[in-house]
Amino acid sequence: MGRIVVGIDGSEGSKAALRWAVDHARRIGDEVDAVSAWEYPVLMTLPAASTLPPAEEMAQETLEHLRTVIHDAGIEDPGDVPIRHHVIRGGAAEAVLKAAKDAEMVVVGSRGLGGFGSLLLGSVSQQVVHHAPCPVVVVPLHPEASS
């Protein structure tokens with residue numbers, strides 16, 4: 001049984017990627033590792049650091065968000081496809097690449113929550129495509145439109 005890593009940020013693109021990954025995993029008998037990242041915002045002044053929540057709280061909130069996104073994507077309990085939840089501190093691309101070690105493939109959405117809507121491929125997707133140690137599938141927001 002192999003592992004399919006899928007990056008989840010809550011965007012519609014990441015939900016489409018998750019649905020694709022679960023469907024593919026079902027067909028080939030793999031497991032899915034759903035990965036979300038968190039990091040503290042870049043601070044302009046150090047005194048603001050005292051108002052940030054503890055790392056454990058940030059990780060727990062990210063895990064709850066990940067569970068909500070999986071539920072909202074209609075994949076709360078796929079039954080025959082194990083889905084493991086991974087919350088990794090760091091940037092999104094860094095987290096997905098870290099989780100991708102020894103994975104059979106990585107699945108990401110073509111666009112995430114970042115800005116610059118005119119870009120053809122999101123910056124996280126580009127980073128993953130260029131640096132992943134395994135094949136990468138980039139799922140368009142509306143995969144049915146491209147088939």
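Read along the sequence, the chain alternates strand and helix in the order β-α-β-α-β-α-β-α-β. That gives four helices and five strands. The model is a predicted one.

**Overall figures**

The chain has 147 residues, and 40% of them are buried. Its accessible surface comes to about 8,300 Å². Carbon and sulfur atoms hold 56% of that surface. Among contacts with a separation of 6 or more, 75% are between residues 24 or more positions apart.

**Helix α3 and its surroundings**

Helix α3 covers residues 92–99. Its buried residues are Ala 93, Ala 95, Val 96, Leu 97 and Ala 99. What covers them? The cover includes four strands: β1 (3–7), β2 (31–38), β3 (83–89) and β4 (105–109). Helix α4 (123–131) is also part of that cover.

The pairing of α3 with α4 can be described further. Their axes lie 9 Å apart, at an angle of about 35 degrees. The crossing is right-handed. On the α3 side, the residues that meet α4 are Ala 92, Ala 93, Val 96 and Leu 97. On the α4 side, they are Val 124, Gln 127, Val 128 and His 131. By class, this contact has six nonpolar residues, two polar ones and no charged ones. Ala 93, Val 96 and Leu 97 thus appear twice here: they are buried in α3, and they meet α4.

Beyond α3, the loop between α3 and β4 holds Asp 102. Is Asp 102 buried or exposed? Asp 102 has a relative accessible area of 76%, so it is exposed, the cut-off being over 50%. Its phi is positive, about 65 degrees, although the residue is not a glycine.

**The loop after β1 and the start of α1**

Ser 11 sits in the loop between β1 and α1, the helix of residues 12–28. Its relative accessibility is 7%. Ser 11 therefore counts as buried, as the value is under 20%. The side chain of Ser 11 makes a polar contact with the side chain of Asp 9, at 2.6 Å.

Ser 14 belongs to helix α1. It is buried, with a relative accessible area of 3%. Which residues does Ser 14 touch, leaving aside neighbours within four places in sequence? They are Gly 7, Ile 8 and Asp 9. The side chain of Ser 14 also reaches two backbone atoms. One is the nitrogen of Gly 10, at 3.2 Å. Another is the oxygen of Ser 11, at 3.0 Å from a polar atom of the Ser 14 side chain. Asp 9 thus recurs in this region: its side chain pairs with that of Ser 11, and Asp 9 is in contact with Ser 14.

Lys 15 is found in helix α1 as well. Its relative accessibility is 11%, so Lys 15 counts as buried. Leaving aside neighbours within four places, Lys 15 is in contact with Gly 10, Val 69, Asp 72 and Ala 73.

Both α1 residues also have a listed C-alpha separation from a residue far along the chain. Ser 14 and Leu 141 are 127 residues apart along the chain, and their C-alpha atoms are separated by 8.2 Å. For Lys 15 and Val 139, 124 residues apart, the C-alpha separation is 9.7 Å.

**Asp 33 in strand β2**

Asp 33 lies in strand β2. Buried or exposed? At a relative accessible area of 2%, Asp 33 is buried. Not counting residues up to four places away, Asp 33 touches Arg 3, Ile 4, Val 5, Val 6, Arg 84 and His 86. Two of these partners, Arg 84 and His 86, make side-chain polar contacts with Asp 33.

**Polar contacts of side chains**

The table gathers the polar contacts described above.

| Side chain | Partner | Distance |
|---|---|---|
| Ser 11 | Asp 9, side chain | 2.6 Å |
| Ser 14 | Gly 10, backbone nitrogen | 3.2 Å |
| Ser 14 | Ser 11, backbone oxygen | 3.0 Å |
| Asp 33 | Arg 84, side chain | 2.8 Å |
| Asp 33 | His 86, side chain | 3.5 Å |

Notes. Residues are numbered from 1 along each chain as its sequence is written. This is a predicted model: local features need pLDDT of at least 70, side-chain atom pairs count only at pLDDT 80 or more; totals for chains, interfaces and linings use all residues. Side-chain values use heavy atoms; hydrogens and water are left out. Helices (H or I, at least four residues) and strands (E, at least two) are DSSP runs, numbered from the N terminus. Buried means under 20% relative accessible area, exposed over 50%, partly exposed in between (1.4 Å probe, protein chains only). Contact means heavy atoms within 4.5 Å. Accessible areas come from the Shrake-Rupley method with a 1.4 Å probe; for residues, only the protein chains shown count as cover. Axes are lines fitted to C-alpha atoms, for helices over the stretch in contact, and angles run from 0 to 180 degrees between N-to-C directions. A crossing is left-handed if the near helix is turned anticlockwise from the far one by less than a right angle, and right-handed if clockwise. Ala, Val, Leu, Ile, Met, Phe, Trp, Tyr, Cys and Pro count as nonpolar, Asp, Glu, Lys and Arg as charged, and the others, Gly among them, as polar. A polar contact is a pair of N or O atoms within 3.5 Å; within protein, one must be able to donate a hydrogen and the other to accept it, and residues adjacent in sequence count only if both atoms are side-chain atoms.
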